[in-house]
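Visitor: I have a few questions about this one. Can we go through it piece by piece?

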Amino acid sequence: MADVCAVDLGGTRTRVALVGESGELVARETFPTPASGESGRAVTDAIEAAIRRIAGDRPAAIGVSAAGPLDLGAGAIVSPPNMPYGRVDLVGPLEAAFGIPVLLLNDARAGALGEFVHGAGVGCDHLVYVTISTGIGGGGIAGGRLLVGRSGNAGEIGHITVETRHGLVCGCGYPNHWEGYCSGRNLPRFYAVEKRSGDPAYATAESIFAGARAGEPGAYRFLDAVAVLNGRALSTLMVAYEPERIVLDGAVVQSQADLVVGPAVRRMERYLPLPVVAVSPLGGDAPLLGAAVAARRR
Ligand SMILES: [Zn+2]
């Protein structure tokens with residue numbers, strides 16, 4: 001098949017690319033995801049215009065990876081926590097505009113597919129992809145097939161329980177979830193409840209990592225508390241999926257791999273043989289490439 005068009009729609013930025021068969025990005029464009037306008041149509045219109053600029057009026061296929069929550073049956077994002085719209089219809093308007101089927105999937109599930117075909121999961125039929133960024137998400141490949149679940153939400157691993165002491169409430173409304181402690185957005189909150197008197201306050205995840213790198217003891221100790229929770233979550237993924245590999249991605253991992261990955265693996269339980277834990281080699285493009293893979297397979 002010719003080059004296909006892939007879209008990675010995030011809360012702050014959207015990327016549109018023309019992707020070749022071996023995963024090469026033939027052309028790409030990044031723009032801020034519209035955050036004003038009457039409705040989610042502003043987002044869909046911006047994507048449609050970018051596709052026309054990059055792929056012309058008749059792309060061979062279109063795949064869209066988007067941050068959830070998704071209603072795959074309706075082809076839409078519904079009640080997104082990080083966009084000012086109640087709903088963003090994607091599949092219907094894009095199919096009407098281009099006259100071809102459009103494939104929509106969650107960005108973390110797309111990331112798993114991208115790694116499976118083009119990244120750290122090549123040659124590996126049992127794989128878990130984990131992205132630690134503003135939030136925490138994931139996707140599983142079992143027996144070479146992407147697990148999507150009943151309505152596309154298999155792999156919402158940010159919402160597994162990893163802690164009981166502090167009761168921090170996650171964005172989903174429930175306490176003690178992995179994302180509620182260890183996502184980029186929530187690390188400062190976790191630090192605040194772990195902090196001992198005399199430790200400095202940190203407002204961002206970046207400043208905590210910078211503090212640890214500068215040898216600040218409070219920040220350094222805190223990263224071990226983070227490793228304990230990351231290790232618990234990875235242990236859960238190991239026994240739930242029995243993967244050959246766990247691929248880690250997302251801004252927190254990509255920018256702080258040395259302070260995050262090794263310490264978490266050291267804290268993993270050894271009930272089953274440890275899978276290989278690798279950092280994504282795709283530089284943040286796994287969801288975009290996965291959207292292209294899904295479009296091509298359709
Ligand atoms: Zn949650």
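Visitor: What is the sign of phi at Gly56, just after α1?
Guide: This is a predicted model. In it, Gly56 comes directly after α1 and has a positive phi, about 80 degrees.

Visitor: How many residues are in α1 itself, and what does it span?
Guide: Helix α1 covers residues 41–55, which is 15 residues. From first C-alpha to last it reaches 20 Å, close to the 21 Å expected at 1.5 Å a residue.

Visitor: Which residues of α1 are buried?
Guide: They are Val43, Thr44, Ala46, Ile47, Glu48, Ala50, Ile51 and Ile54.

Visitor: And what do those buried residues pack against?
Guide: Strands β1 (4–9), β2 (13–19), β3 (25–32), β4 (62–66) and β7 (87–89), plus helix α2 (91–98).

Visitor: There's a glutamate in that list. Why does Glu48 count as buried?
Guide: Because its relative accessible area is 18%, and the cut-off for buried is under 20%.

Visitor: What does Glu48 touch?
Guide: Setting aside neighbours within four places in sequence, Glu48 is in contact with Arg41, Leu94, Ala97 and Phe98.

Visitor: Next, Arg15. Where does it sit, and is it buried or exposed?
Guide: Arg15 is in strand β2. It is buried, at 6% relative accessible area.

Visitor: Which side chains make polar contacts with the Arg15 side chain?
Guide: Asp8 is one, at 2.8 Å. Asp285 is another, with a side-chain polar contact of 2.7 Å.

Visitor: What else is Arg15 in contact with?
Guide: Without its neighbours within four places in sequence, the contacts of Arg15 include Ala6, Val7, Arg28, Glu29, Thr30, Gly284 and Leu288. Asp8 and Asp285 are on that list too.

Visitor: Switching to β4. How accessible is Ala66?
Guide: Ala66, which lies in β4, has 0% relative accessibility and counts as buried.

Visitor: What does Ala66 touch?
Guide: Leaving out residues up to four places away in sequence, Ala66 touches Leu9, Ile77, Leu90, Leu104, Leu105, Asn106 and Asp107.

Visitor: How far is Ala66 from Pro287?
Guide: Their C-alpha atoms are separated by 8.6 Å, and the two residues are 221 apart along the chain.

Visitor: Now the helix pair α3 and α9. How are they arranged?
Guide: The axes of α3 (residues 107–118) and α9 (residues 286–297) come within 6 Å and cross at roughly 80 degrees. That crossing angle makes α3 roughly perpendicular to α9.

Visitor: Which residues make the contact?
Guide: On the α3 side, Asp107, Ala110, Gly111, Leu113, Gly114, Glu115, Phe116, Val117 and His118. On the α9 side, Ala286, Pro287, Leu289, Gly290, Ala291, Val293, Ala294 and Arg297.

Visitor: What's the make-up by class?
Guide: The contact of α3 with α9 has 10 nonpolar, 4 polar and 3 charged residues.

Visitor: OK, α7. How many residues, and what span?
Guide: Helix α7 has 25 residues, 217–241, and reaches 36 Å from first C-alpha to last, close to the 36 Å expected at 1.5 Å a residue.

Visitor: What caps its N-terminal end?
Guide: Glu216 does, with a side-chain oxygen 2.9 Å from the backbone nitrogen of Gly218.

Visitor: And what follows α7?
Guide: Glu242 follows α7, and the phi of Glu242 is positive, near 45 degrees.

Visitor: Why point out a positive phi?
Guide: Because most residues other than glycine have a negative phi.

Visitor: What about Ser79 and Asn176, what are their phi values?
Guide: Ser79 has a positive phi near 45 degrees, and Asn176 has a positive phi near 70 degrees.

Visitor: Where are they, and is each buried or exposed?
Guide: Ser79 is in the loop between β6 (76–78) and β7, and is exposed at 56% relative accessibility. Asn176 is in the loop between β11 (145–146) and α4 (178–182), and is buried at 10% relative accessible area.

Visitor: Last one, Arg145. Buried or exposed?
Guide: Arg145, in strand β11, is exposed, with a relative accessible area of 64%.

Visitor: How far is Arg145 from Thr12?
Guide: They are 30 Å apart in space, C-alpha to C-alpha, and 133 residues apart in sequence.

Key
Residues numbered from 1 in each chain as written. Heavy atoms only, no water. Helix = DSSP H or I, 4+ residues; strand = E, 2+ residues; numbered from the N terminus. Expected span 1.5 Å × (residues − 1). Polar contact = N/O pair within 3.5 Å; in protein donor to acceptor, adjacent residues only side chain to side chain. Axes fitted to C-alpha atoms, helices over the stretch in contact; angles between N-to-C directions. Parallel < 35°, antiparallel > 145°, perpendicular 65-115°, else oblique. Contact = heavy atoms within 4.5 Å. Nonpolar A, V, L, I, M, F, W, Y, C, P; charged D, E, K, R; others polar. Buried < 20%, exposed > 50% of the residue type's maximum accessible area, 1.4 Å probe, protein only.
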